[in-house]
Amino acid sequence: MAAGLSLVSAVVLAGCGSDDASGDGGADGASAPRLSVSGGFMPQPVTGSMAAGFLLVHNSGGGADRLTSVTSRLSKDVTLHSTSGGTMRERKSFAVPAHGTLDFERGGNHLMFDGLSHKPELGEKVTVTLHFAISGTVEAVLPVKETTYQPPRAGHHQ
């Protein structure tokens, strides 16, 4: 279990040089995004056809990035969704602000897995690849938790 948690919390992608529109490119990398992923999980799905995923994307760098897609061996189709006012909408991408956090949590932004290769079981680990406009790809592991699992969010802020 500790190894799985360390995989989730230790996935870090250091930003590369940037050709951003501001022209300051940041020779020292100060304007580049620096992404890490933590708190990932997948509630055990009640059916074998769809599942949801949740995680936090942290950007400790001075440059913003954009999550453009997510892929996984578990599903032929992983889509990005937002929920606002009780309405769920598919999104093409999500901004990851400089020195900020993109939060995928119950009742809000989330990943939808459709056309599952199998029904994930409690304790299984689902690997996802996050695709970013600037930073490229970042892998994260989503442990499958109880269907009603609620992660602690103490100290969390956007």
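Helices here are DSSP runs of H or I with at least four residues, strands are runs of E with at least two, and both are numbered from the N terminus. Read along the sequence with those terms, the chain follows the pattern α-β-β-β-β-β-β-β-β-β-β-β. That gives 1 helix and 11 strands.

A word on ground rules. This is a predicted model, where local features need pLDDT of at least 70 and side-chain atom pairs count only at pLDDT 80 or more, while totals for chains, interfaces and linings use all residues. Residues are numbered from 1 along each chain as its sequence is written, and side-chain values use heavy atoms, with hydrogens and water left out.

## The chain as a whole

Let's start with the big picture. The accessible surface of the chain comes to about 8200 Å², worked out by the Shrake-Rupley method with a 1.4 Å probe, and for residues only the protein chains shown count as cover. Carbon and sulfur atoms own 54% of that surface. A residue is called buried under 20% relative accessible area, exposed over 50%, and partly exposed in between (1.4 Å probe, protein chains only). Of the 158 residues, 44% count as buried.

Contacts are next, and a contact means heavy atoms within 4.5 Å. Among the contacts in the chain with a separation of 6 or more, 71% come from residues 24 or more positions apart.

## Leu130 and the core

In soluble globular proteins, nonpolar side chains tend to be buried together. A nonpolar core is a set of buried Ala, Val, Leu, Ile, Met, Phe, Trp, Tyr and Cys residues joined through side-chain atoms within 4.5 Å. Which members of the largest nonpolar core touch the most other members? They are Val57, Phe113 and Leu130, out of 26 residues.

Take Leu130, which sits in strand β10 (residues 125-132). Because its relative accessible area is 0%, Leu130 is buried. Leaving aside neighbours up to four places away in sequence, Leu130 touches a list of residues including Val37, Leu55, Val57, Leu67 and Val138. Leu130 and Thr71 are 59 residues apart along the chain, yet their C-alpha atoms are separated by 6.7 Å.

## Around Asn59, His99 and Gly100

Here are three residues to compare by eye in the structure.

| Residue | Place | Relative accessibility |
|---|---|---|
| Asn59 | strand β3 (residues 50-59) | 2%, buried |
| His99 | loop between β7 and β8 | 60%, exposed |
| Gly100 | strand β8 | 10%, buried |

Asn59 touches both of the other two, and its contacts beyond four places in sequence also include Pro33, Arg34, Leu35 and Asp65. The side chain of Asn59 also makes polar contacts, meaning pairs of N or O atoms within 3.5 Å; within protein, one must be able to donate a hydrogen and the other to accept it, and residues adjacent in sequence count only if both atoms are side-chain atoms. A polar atom of that side chain lies 2.9 Å from the backbone nitrogen of Gly61, and one lies 2.8 Å from the backbone oxygen of Gly63.

Gly100, for its part, touches Val57, His58 and Asn59, again not counting residues up to four places away in sequence. Gly100 and Ser60 are 40 residues apart in sequence and 6.9 Å apart in space, C-alpha to C-alpha.

Now for the backbone of His99. Most residues other than glycine have a negative phi. His99 has a positive phi of about 50°, although it is not a glycine.

## Aromatic rings

Rings of Phe, Tyr and Trp (its six-membered ring) pair if their centres lie within 6.5 Å; planes under 30 degrees apart count as stacked, over 60 as edge-to-face and the rest as tilted. By this rule the count comes to 3 aromatic pairs. One of them joins Phe94 and Phe104, edge-to-face, at 5.2 Å centre to centre with 80° between the planes. This pair links distant parts of the chain, with Phe94 in strand β7 (residues 94-96) and Phe104 in strand β8 (residues 100-104), 10 residues apart. Are these two rings' residues buried or exposed? Both Phe94 and Phe104 are buried.

Phe41, Phe54 and Tyr149 form one aromatic cluster. Lys145 lies over the face of Tyr149, at 5.2 Å from the ring centre; a charge sits over a ring if NZ of Lys or CZ of Arg is within 6 Å of the ring centre and within 35 degrees of the ring normal.
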